[in-house]
Amino acid sequence: MDQEIDIARTIDHALLNPAATTEEIQRCCNEAWQHNFPTVCVYPSAVREATEYLYGKAPAVCTVIGFPTGATTSATKIYEAAEAVENGASELDVVINLGWLKSGFPERVNREIAEICEETGVIVKAIIETGLLTQEEKCLAIEVCLDAGVDFIKTNTGWFGGATVADVELIREMSRGQVGIKASGGIRTMESAIALIEAGAHRLGTSRGIQLIQQQEKISYPEDADA
């Protein structure tokens with residue numbers, strides 16, 4: 001295991017508890033800032049608050065669009081995305097419409113995601129929800145999102161299964177460096193985080209970022225080490 005990997009620089013620090021309070025949102029922002037996480041990821045209703053709280057600080061504000069099902073209308077997603085950007089979000093994690101993909105309408109998925117990319121002009125991460133797709137559907141989803149012009153392809157929301165090394169490797173193989181890869185869902189240990197990064201993930205979506213950092217520090221600087 002490569003202990004030189006800086007996990008902190010990959011973490012999108014997520015707070016996607018619908019009951020999250022102002023105090024919890026601010027704590028999430030502080031944690032991201034103190035640990036040099038690239039972003040905090042919050043619900044759209046918390047974007048303005050997080051943006052104002054992080055003003056002048058490094059972490060960007062990310063939010064989720066069409067979360068967690070992807071089944072809202074295109075007009076709704078586009079409005080939600082535009083409003084989030086207006087409120088300060090600079091990264092959008094957008095759930096694709098899985099029903100369209102499975103029903104044989106990939107062009108609809110492509111059009112929806114492409115329009116969000118064009119209309120907002122910010123970093124767009126398409127969530128393909130690998131846990132609900134066959135291998136063939138995963139490949140189709142990746143192709144559609146690449147063609148739509150996304151910046152990242154994200155494995156999961158975390159609601160319907162978690163990230164796997166195999167899925168990250170598939171995205172890496174098919175994308176050939178065209179986009180970033182975000183692994184999300186079920187990342188609970190440093191070992192799993194490292195495995196996903198080594199497989200090709202550039203970002204990790206998790207609410208356990210602090211625990212992962214603590215695990216890495218415990219291994220790097222064991223308590224019984226010589227002074």
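Trainee: What residue follows helix α1, and what is the sign of its phi?
Mentor: N36 comes after α1, and its phi is positive, near 60 degrees. Helices here are DSSP runs of H or I with at least four residues, strands are runs of E with at least two, and both are numbered from the N terminus. Keep in mind that this is a predicted model: local features need pLDDT of at least 70, side-chain atom pairs count only at pLDDT 80 or more, and totals for chains, interfaces and linings use all residues. Residues are numbered from 1 along each chain as its sequence is written, and side-chain values use heavy atoms, with hydrogens and water left out.

Trainee: What makes the phi of N36 worth a remark?
Mentor: N36 has that positive phi although it is not a glycine. Most residues other than glycine have a negative phi, and most peptide bonds are trans. N36 sits in the loop between α1 and β2.

Trainee: Why is N36 called partly exposed?
Mentor: Buried means under 20% relative accessible area and exposed means over 50%, with partly exposed in between (1.4 Å probe, protein chains only). N36 has 46%, so it is partly exposed.

Trainee: Back to α1: how do you know that its span agrees with what a helix should give?
Mentor: The expected span is 1.5 Å times one less than the number of residues. Helix α1 covers residues 22-34, which is 13 residues, so it should span 18 Å; its end C-alpha atoms are 18 Å apart, which agrees.

Trainee: Which residues of α1 are buried?
Mentor: I25, C28, C29 and A32. Seen down the helix axis, they fall within an arc of 95 degrees, so they line one face of α1. That arc is taken from the directions from the helix axis to the C-beta atoms. An α-helix has 3.6 residues a turn, so residues three or four places apart point the same way. On the other side of α1, E23 and Q34 are exposed.

Trainee: What covers the buried residues of α1?
Mentor: The cover includes β1 (11-15), β2 (39-42) and α2 (47-53), where contact means heavy atoms within 4.5 Å. Helix α1 lies across β1 and β2, running at about 170 degrees to β1. Axes are lines fitted to C-alpha atoms, for helices over the stretch in contact, and angles run from 0 to 180 degrees between N-to-C directions.

Trainee: What makes β1 and β2 a pair?
Mentor: Two strands pair if DSSP finds at least two bridges between them. β1 and β2 have four bridges, in the parallel sense, so they qualify. Among the bridge partners in β2, C41 goes with A14 and V40 goes with H13.

Trainee: In what order do the eight strands close into a barrel?
Mentor: The order is β1-β2-β3-β4-β5-β6-β7-β8, with parallel pairing. Neighbouring strands are turned by 25 degrees against each other on average, direction ignored. Four bridges join β2 to β3, and V42 stands opposite T63 there.

Trainee: How do you know that both faces of β3 are covered?
Mentor: In a regular strand the side chains alternate between the two faces of the sheet. A60, C62 and V64 on one side of β3 and V61, T63 and I65 on the other are all buried.

Trainee: What makes the bond between F67 and P68 cis?
Mentor: Its omega is about 0 degrees. P68 lies in the loop between β3 and α3 (74-86).

Trainee: Why does N156 count as buried?
Mentor: N156 has 0% relative accessibility, which puts it under the buried cut-off. The residue is in the loop between β6 (152-154) and α7 (165-175).

Trainee: What makes the link between the side chains of N156 and T130 a polar contact?
Mentor: A polar contact is a pair of N or O atoms within 3.5 Å; within protein, one must be able to donate a hydrogen and the other to accept it, and residues adjacent in sequence count only if both atoms are side-chain atoms. The N156 and T130 side chains are joined at 3.1 Å, so the distance fits. The N156 side chain also reaches the backbone nitrogen of A163 at 3.4 Å.

Trainee: What is the phi of E129, and is that residue buried or exposed?
Mentor: Phi of E129 is near 50 degrees, a positive value in a residue other than glycine. E129 is buried, at 0% relative accessibility.
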